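User: Please walk me through how the labels on this model are justified. Set each value against its definition.

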Amino acid sequence: LDYLIDTPDGTIKGHRSLFALLPKLNVIMYTPKSIFPEQKSLARVILTNPVTDQPIANTVVTVVLTDLDGDVRQEEVTTDDFGTAVVELESQVEGELQVKALVMTPDGEESADGVMQVVRESRVLVTTDKPLYQPGQKMYIRALALQKPDLTPEAGQELLFEVQDAKGNKVFKQAVQTNDFGVA
């Protein structure tokens, strides 16, 4: 808004943003890019005044989680003196997890969105009894499969062994099941 006011002492002119007249919130949400199934993670929501950049304390924030199955969970948290609220995230379903932080104001709703991937990852260690083999020799191959992040055994999972020669030709292929300790 540009203004020009004529007074007996002279002219007053200036510029004022209408944005400063409305009570708005700046909602920022930080989420991890990916989490593991059944593993808790944290998301942080920060509320500030966009004009003064001061934190907004004691404000209720509703965090809504939506996974691929369409399950919706919501949790309410309150910002601290620094305008920050922390919420625990958890999902049993692999895939995309939508996260939305909502804050109700007298003028409506302010929000921030985030997307996370819920991924299951494993670590597999493969060992042999010798580093090199001659044609016709018997190979002994062992694999240890562990689930990230806590490295628990991948019990009862199918594991595929493939052996190639120096030219890249497949000479052996077999699917096996891991035991209770993640060993095949």
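**Pocket and sheet**

Analyst: In this predicted model, the lining of the largest pocket has six nonpolar, two polar and two charged residues by class.

User: What makes two of the lining residues of the largest pocket charged by class?

Analyst: Asp, Glu, Lys and Arg count as charged. The lining includes Lys130 and Asp165, so these two take that class. Thr128 and Gln164 also line the pocket. Thr and Gln fall among the others, so they count as polar.

User: How much space lies in the largest pocket?

Analyst: About 190 Å³. Among its lining residues are Pro131, Tyr133, Met139 and Val163.

User: Why do strands E6 and E7 count as paired?

Analyst: Pairing needs at least two bridges between the strands. Seven bridges join E6 (residues 60-66) to E7 (residues 72-78), so the two strands pair. They run antiparallel. Val61 has Val77 in E7 as its bridge partner, and Thr66 stands opposite Val72. Five residues lie between the strands of this hairpin, where Gly70 takes a positive phi near 90 degrees.

User: What makes E4 and E7 edge strands?

Analyst: Each pairs on one side only. The open sheet has five strands in the order E4-E10-E9-E6-E7. Strand E4 covers 34-35. A strand needs at least two residues, so E4 qualifies.

User: Which kind of pairing does the sheet of five strands have?

Analyst: Mixed pairing. In general, strands of a sheet pair through backbone hydrogen bonds, either parallel or antiparallel.

Conventions:
Residues are numbered from 1 along each chain as its sequence is written. This is a predicted model: local features need pLDDT of at least 70, side-chain atom pairs count only at pLDDT 80 or more; totals for chains, interfaces and linings use all residues. Side-chain values use heavy atoms; hydrogens and water are left out. On a 1 Å grid over the protein atoms alone, a cavity is a set of points where a 1.4 Å probe fits but cannot get out, and a pocket is an open set with protein on both sides within 12 Å along at least five of seven lines; lining residues have an atom within 4 Å of a point. Grid points are joined across faces, edges and corners, and a volume is the space filled by probe spheres set on the points. Helices (H or I, at least four residues) and strands (E, at least two) are DSSP runs, numbered from the N terminus.
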